[in-house]
Amino acid sequence: MPDKHWHYFLLVKMPHLIAEEAALHFIHHYQRLLMEVVAHPSFPKPKSGEVPYLALLTQARGWMLEHPQVLQDALAALRQANDPLPGDVQSAVVSMRAGRWVYLRDTAHYSILLPVTAHECAQAYAVKSLTTRLRDMTGSSGLVLQTALMEYAGGIVTDGLVGTVAYLGPGYRESYGEYVAQAKAQGQFYQTQLPVIAPDPAVPKVAKPLRQSAKAVQAAKTPHKS
């Protein structure tokens, strides 16, 4: 099958993905940025042996987001090398939020994710992927995973570095489904932008804590790259 027909097939059959050109553009420049973070003097170097590449990128992402000055230093290093990070990629990185998310299910066009600690101000997100669907990376939905969400290509996108934490039992899937319905009713279902972080100490953080049920299955924490 000619490449152009295959690309058309992907666009038609894989609506959970952003445009291929935008995805490859982000991946290329994002990896350059993360390797600058790895080269930063403050980045914790492995004591022995080699760290797998994707695990190294995941560690660099966490370090960068925890230490804003490291991000600024990495951006400055790329500018000094006359190969600055493109503005769209930089904006995506600045908007990025890493953590544990409930990957509840897929619709025809996106994956539904929401914070693990859902409460009365429930929020949910319509998330797309770069070059590989979340379901193809994790094998299923209905689980808690570790990744970063960002604003890119006109929507909310996962950065593709994914670590699976645990599968959810039927009761938790049902509860989180109720949170999604609640988020939509409250206008807290986001499809193009991540909400502004404005913690309210008067609002309880967790209405129903996430516990490991007897049927919850521990999954591998090995990162995947889309």
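# Exercises on helix packing and cores

The axes of α2 and α5 cross at roughly 70° and come within 10 Å of each other. The model used in these exercises is a predicted one.

**Exercise 1.** Classify the crossing of α2 and α5, and state which residues form the contact.

Step 1. Two packed helices are described by the angle between their axes and the distance between the axes. For α2 and α5 these are roughly 70° and within 10 Å.

Step 2. Angles of 65 to 115 degrees count as roughly perpendicular, so α2 is roughly perpendicular to α5. The crossing of this pair, α2 and α5, is right-handed.

Step 3. On the α2 side the contact uses H25, F26, H29, Y30 and L33, which meet D88, V89, A92 and V93 of α5. By class, the residues of the contact of α2 with α5 are 6 nonpolar, 2 polar and 1 charged.

**Exercise 2.** Describe how α2 and α3 pack, and give the composition of their contact.

Step 1. Helix α2 covers residues 20–39 and helix α3 covers residues 53–66; their axes lie 9 Å apart at an angle of about 75°. The range of 65 to 115 degrees applies here too, so α2 is roughly perpendicular to α3.

Step 2. From α2, the contact takes Y30, Q31, L33, L34, M35, V37 and V38, while α3 supplies Y53, L56, L57, A60, R61, W63 and M64.

Step 3. Sorting the residues of the contact of α2 with α3 gives 12 nonpolar, 1 polar and 1 charged.

**Exercise 3.** Identify the members of the largest nonpolar core that touch the most other members, and say which element gives the most to this core.

Step 1. The largest nonpolar core has 30 residues, and F26, Y30, L33, M64, V93, L130 and M150 are those that touch the most other members.

Step 2. At least two residues of this core come from each of α2, α3, α4 (68–80), α5 (87–94) and β4 (143–152). Helix α2 gives the most, with 8 residues.

Step 3. Take V93 as an example: leaving aside residues up to four places away in sequence, V93 touches Y30, L33, M64, L65 and L71.

Step 4. Another core, of 19 residues, lies apart from the largest one; A122, A126, A166 and Y176 are among its members. In soluble globular proteins, nonpolar side chains tend to be buried together.

**Exercise 4.** Decide whether A166 is buried or exposed, and locate this residue.

Step 1. A166 belongs to strand β6, residues 161–167.

Step 2. The relative accessible area of A166 is 6%. The cut-off for buried is under 20%, so A166 is buried.

Step 3. Q146 is 20 residues from A166 along the chain, and the C-alpha atoms of the two are separated by 9.9 Å.

**Exercise 5.** Locate N82 and A153, which are not glycines and have a positive phi.

Step 1. N82 has a phi of about 60° and sits in the loop between α4 and α5. Exposed requires over 50%, so N82, at 71% relative accessibility, counts as exposed.

Step 2. A153 has a phi of about 55° and is found in the loop between β4 and β5 (155–158).

**Exercise 6.** Give the overall figures for the protein.

Step 1. The protein contains 7 helices and 8 strands.

Step 2. Of its 226 residues, 44% are buried.

Step 3. Among contacts between residues at least 6 apart in sequence, 75% join residues at least 24 apart.

Note on methods: Residues numbered from 1 in each chain as written. Predicted model: local features only at pLDDT ≥ 70, side-chain atom pairs only at ≥ 80, totals over all residues. Heavy atoms only, no water. Axes fitted to C-alpha atoms, helices over the stretch in contact; angles between N-to-C directions. Helix = DSSP H or I, 4+ residues; strand = E, 2+ residues; numbered from the N terminus. Parallel < 35°, antiparallel > 145°, perpendicular 65-115°, else oblique. Contact = heavy atoms within 4.5 Å. Nonpolar A, V, L, I, M, F, W, Y, C, P; charged D, E, K, R; others polar. Buried < 20%, exposed > 50% of the residue type's maximum accessible area, 1.4 Å probe, protein only. Core = buried A, V, L, I, M, F, W, Y, C linked by side-chain atoms within 4.5 Å. Left-handed = near helix turned anticlockwise from the far one by under 90°.
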